[in-house]
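Colleague: I would like to take a close look at one part of this model before we go over the rest of it together. Could you start there and then work outwards, with the reasoning spelled out for someone in the first year?

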Amino acid sequence: YRNLPNFIHPNFRTRTDLKYVNRFLSTKLAWDEFLVLKSHIKSAGFYSACTPFDEFSVDMVIEHDFDILKIASASFGDWPLLEATQVWAGPTVLSTAGASIADIDRVVTFLQNREKNFALMHCVAAYPTPDNQLQLNRISVLRERYPDVPIGYSTHEDPNNLIAGPMALAKGAVILERHVGDEAEGHTLN
């Protein structure tokens with residue numbers, strides 16, 4: 001979830017030449033449209049998870065009654081966002097791509113001191129991630145450093161790679177998040 005009026009700086013809202021601003025604005029949904037998507041997820045029998053990218057969106061995750069709150073790797077060290085999530089009573093999953101061990105230590109300590117139910121997800125912030133850059137050994141590093149924290153794997157590899165997920169599970173991941181996409185007019189999976 002992104003509350004676009006607050007998420008995109010007013011000076012950039014008309015900048016269609018900026019890749020992500022254009023993408024966010026061209027795919028904007030109203031809150032009730034997001035809720036329709038969420039209800040389809042639940043009716044299909046899946047757990048529902050949502051990633052808020054700003055403090056207002058945390059409130060919408062709670063209002064829309066998701067099962068899991070997800071912190072994107074891009075927001076891993078966003079302290080105002082992490083503070084805002086502390087009203088969330090459910091489980092939180094945090095992606096760690098690009099985060100240093102020192103950053104992860106700080107976030108883990110922050111959440112453990114608040115007795116939060118959370119898991120860490122190993123991932124690489126390259127879309128798609130080349131097979132030779134998956135860094136699956138990082139799962140073992142995280143498991144050893146944080147033995148009381150569930151460690152998972154958030155896949156960003158090529159959709160045709162069907163072995164990385166099972167390899168992550170073999171390395172000890174207990175959560176697997178598989179990104180699934182579909183090409184649409186003007187948008188490719190890369």
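What is the relative accessibility of Y20, and what does Y20 count as on that basis?

Modeller: Please keep in mind throughout that this is a predicted model. Y20 has a relative accessibility of 47%, and because buried means under 20% and exposed means over 50%, Y20 counts as partly exposed. F24, by contrast, has a relative accessible area of 12% and is buried. Both residues belong to helix α2, which covers residues 19–26, and they are four residues apart, which is about one turn of the helix.

The two side chains can also be looked at as a pair of rings. Seven aromatic pairs are counted in the model. In the pair formed by Y20 and F24, the ring centres are 6.2 Å apart and the planes meet at 35°, so this pair is tilted. Elsewhere, ring pairs join Y1, W31, F34, F56 and F66 into a cluster. One ring of that cluster, F66, has K38 lying over its face, at 5.6 Å from the ring centre, while R2 lies over the face of F53, at 4.0 Å from that ring's centre.

N3 is placed in the segment before α1, a helix of residues 4–7, and this residue is buried, with a relative accessible area of 10%. Apart from neighbours within four places in sequence, N3 is in contact with W31, D54, F56 and S57.

From here we can move to the sheet. Its six strands follow the order β1-β2-β3-β4-β5-β6, the sheet is open, and the pairing is parallel. The strands at the edges are β1 (49–50) and β6 (175–178), each of which pairs on one side only.

Within the sheet, β3 and β4 run parallel and are joined by four bridges, and L94 stands opposite L120 of β4. The residues of β4 deserve a careful look, because five of the five are buried, which means that this strand is largely enclosed by the rest of the structure. F118, L120 and H122 point one way from β4, whereas A119 and M121 point the other way, and all of them are buried. Further along, β5 (residues 151–155) runs parallel to β6 and is joined to it by four bridges, with T155 standing opposite R178 of β6.

Helices pack on this sheet as well. Helix α6 (residues 101–113) lies across β3 (92–95) and β4 (118–122), and runs at about 160° to β4. Helix α7 (residues 137–145) touches β4 and β5, and its direction makes about 155° with that of β5.

Finally, there is the nonpolar interior. The largest nonpolar core has 34 residues, and L94, I104, L120 and Y153 are those with the most contacts inside it. At least two of its residues come from each of α4 (55–63), β2 (68–71), α5 (79–84), α6, β4, α7, β5 and α8 (164–170). The largest share, five residues, is supplied by α6. L94 shows how such a residue is surrounded: if residues up to four places away in sequence are not counted, L94 touches I71, F76, L82, V107, L111, F118, A119, L120 and M121.

Methods. Residues numbered from 1 in each chain as written. Predicted model: local features only at pLDDT ≥ 70, side-chain atom pairs only at ≥ 80, totals over all residues. Heavy atoms only, no water. Phe/Tyr/Trp six-rings, centres within 6.5 Å; stacked < 30°, edge-to-face > 60°. Buried < 20%, exposed > 50% of the residue type's maximum accessible area, 1.4 Å probe, protein only. Lys NZ or Arg CZ within 6 Å of the ring centre and 35° of its normal. Pairing = 2+ DSSP bridges. Contact = heavy atoms within 4.5 Å. Axes fitted to C-alpha atoms, helices over the stretch in contact; angles between N-to-C directions. Core = buried A, V, L, I, M, F, W, Y, C linked by side-chain atoms within 4.5 Å.
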